[in-house]
Amino acid sequence: MKPLPTTETVAVIGAGAMGSGIAQVAARAGHTVRLFDMNPEAIERGIASITRNLDFLVERGKLDAAEREATAARLVPTTRLEALADAGLIIEAIVEKLEVKQTLFAELERIAPQAILASNTSSLSITAIGSVLRAPERLAGLHFFNPADRMRLVEIVSGLATAPALAGQLFATAKAWGKDPVHTRSTPGFIVNRVARPFYAEGLKVLAEGAASPASLDAVMRDGAGFPMGPFELTDLIGHDVNYAVTASVFEANYGDDRFIPSLIQHELVLAGRLGRKRGQGFYAYG
Ligand code: NAD
């Protein structure tokens, strides 16, 4: 199966942590990228974050200055959804809420009837998102990991109606973008967010029982057990709103199985707006 040609425009919807990283990856791969968000300030923050990343790569000698300029020039911010009509591939990375994603995809199907539609959802059913489409075979999950410019894994998620050829083309495209894709079917949390859920849940239970502080538990799992990050620094990076929504969705999709019950501690962080690094405060404070 051939990847999406670089002559095709890619649109990314949602310029937050994930959308900005995905836009960077697609622009570096040679695509013109239209970056859309309903919040203009989020687009500014997203472009600033990409610019910082590209500058860092130049400083490190991993990107030459001309390629940095060319990549930056391929990024086109927009606040008009209709401007995405010429895209060959549209990747959604907005809030983790089924109804909001369904509304957006129904609108996208109208605006860009030829485009491949992809969702970066962490846990929601691709089958359910696609159920509002006239042509659900055009939709698949394209699940990047945080930070999207550095993490190589991408889950290619097929819903019940996803065309196998579409999943194959997205797999080839992810490879062409320097990623290590894997095929999976649309089950709650797919592979990584299903298997990793007990890592967060048990960490939060240990905290609730007063057995260890976030800093000591993170240090034990990172420096002792050899994980790249402990559960608290990792959920601070992911964002507690996102991580809590994913847990709630996996819990509900597993018919309320106790193993996936969301944590009250994490819910309190969400209610307090302590969403992690992106808000300067989560389990830790960021200056
Ligand atoms: P984020 O909060 O950093 O960014 C979301 C962006 O979407 C915001 O800028 C917001 O303004 C915008 N947005 C919200 N609703 C919108 C709408 N209807 N139309 C247009 N823009 C809208 O969130 P994120 O961490 O980038 O997560 C985005 C998606 O990626 C979610 O589905 C999440 O589950 C998934 N995801 C997150 C991670 C992670 O570690 N954070 C990892 C993999 C996948």
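How far apart do the C-alpha centres of domain 1 and domain 2 lie? They lie 26 Å apart. Before selecting anything, note that this is a predicted model, in which local features need pLDDT of at least 70, side-chain atom pairs count only at pLDDT 80 or more, and totals for chains, interfaces and linings use all residues. Residues are numbered from 1 along each chain as its sequence is written.

**Stop 1: the two domains**

Select 9–185 for domain 1 and 196–278 for domain 2. These bounds come from an automatic or database domain assignment. Next, pick out the contact between the two, which takes 6 residues from domain 1 and 9 residues from domain 2. Two residues are in contact if their C-beta atoms, placed from the backbone, lie within 7 Å. On the domain 1 side, the touching residues divide into 2 nonpolar, 3 polar and 1 charged. Here Ala, Val, Leu, Ile, Met, Phe, Trp, Tyr, Cys and Pro count as nonpolar, Asp, Glu, Lys and Arg as charged, and the others, Gly among them, as polar.

**Stop 2: the ligand**

Now select the ligand and the 28 residues around it. A residue is near a molecule if its C-beta atom, placed from the backbone, lies within 6 Å of it. Gly-14, Gly-16, Met-18, Ala-42 and Asn-146 come nearest. Helices α1 (17–28), α4 (98–111) and α11 (240–253) are the elements that give two or more residues to this shell. Helices (H or I, at least four residues) and strands (E, at least two) are DSSP runs, numbered from the N terminus. The largest share, 3 residues, comes from α1. By class, the shell holds 16 nonpolar, 9 polar and 3 charged residues. Both domain 1 and domain 2 give residues to the shell, so the ligand shell lies between them.

**Stop 3: strand β7 and its partners**

Move to residues 153–158, strand β7. Of its 6 residues, 5 are buried, so β7 is largely enclosed by the rest of the structure. A residue is buried if 20 or more other C-beta atoms lie within 10 Å of its own, exposed if 12 or fewer, and partly exposed in between, with C-beta atoms placed from the backbone.

Add strand β6 (residues 139–144), which pairs with β7 in the antiparallel sense over 4 bridges. Two strands pair if DSSP finds at least two bridges between them. Val-157 in β7 stands opposite Gly-141. Then add strand β8 (residues 180–185), paired with β7 in the parallel sense over 6 bridges. Here Glu-155 has Val-182 in β8 as its bridge partner.

**Stop 4: backbone details**

Which bond joins Asn-146 and Pro-147? It is a cis peptide bond, with omega about 0°. Pro-147 lies in the loop between β6 and β7.

Most residues other than glycine have a negative phi, and most peptide bonds are trans. Select Phe-190, in the loop between β8 and α7 (192–195). Its phi is near 55°, a positive value. Is Phe-190 buried or exposed? Phe-190 is buried, with 23 other C-beta atoms within 10 Å.

Go on to Tyr-255, in the loop between α11 and α12 (264–271). Its phi is also positive, near 55°. Tyr-255 counts as exposed, with 8 C-beta neighbours inside 10 Å.

**Stop 5: Glu-107**

End in helix α4, at Glu-107. Glu-107 is exposed, with 12 other C-beta atoms within 10 Å. The C-alpha atoms of Glu-107 and Met-18 are separated by 21 Å.
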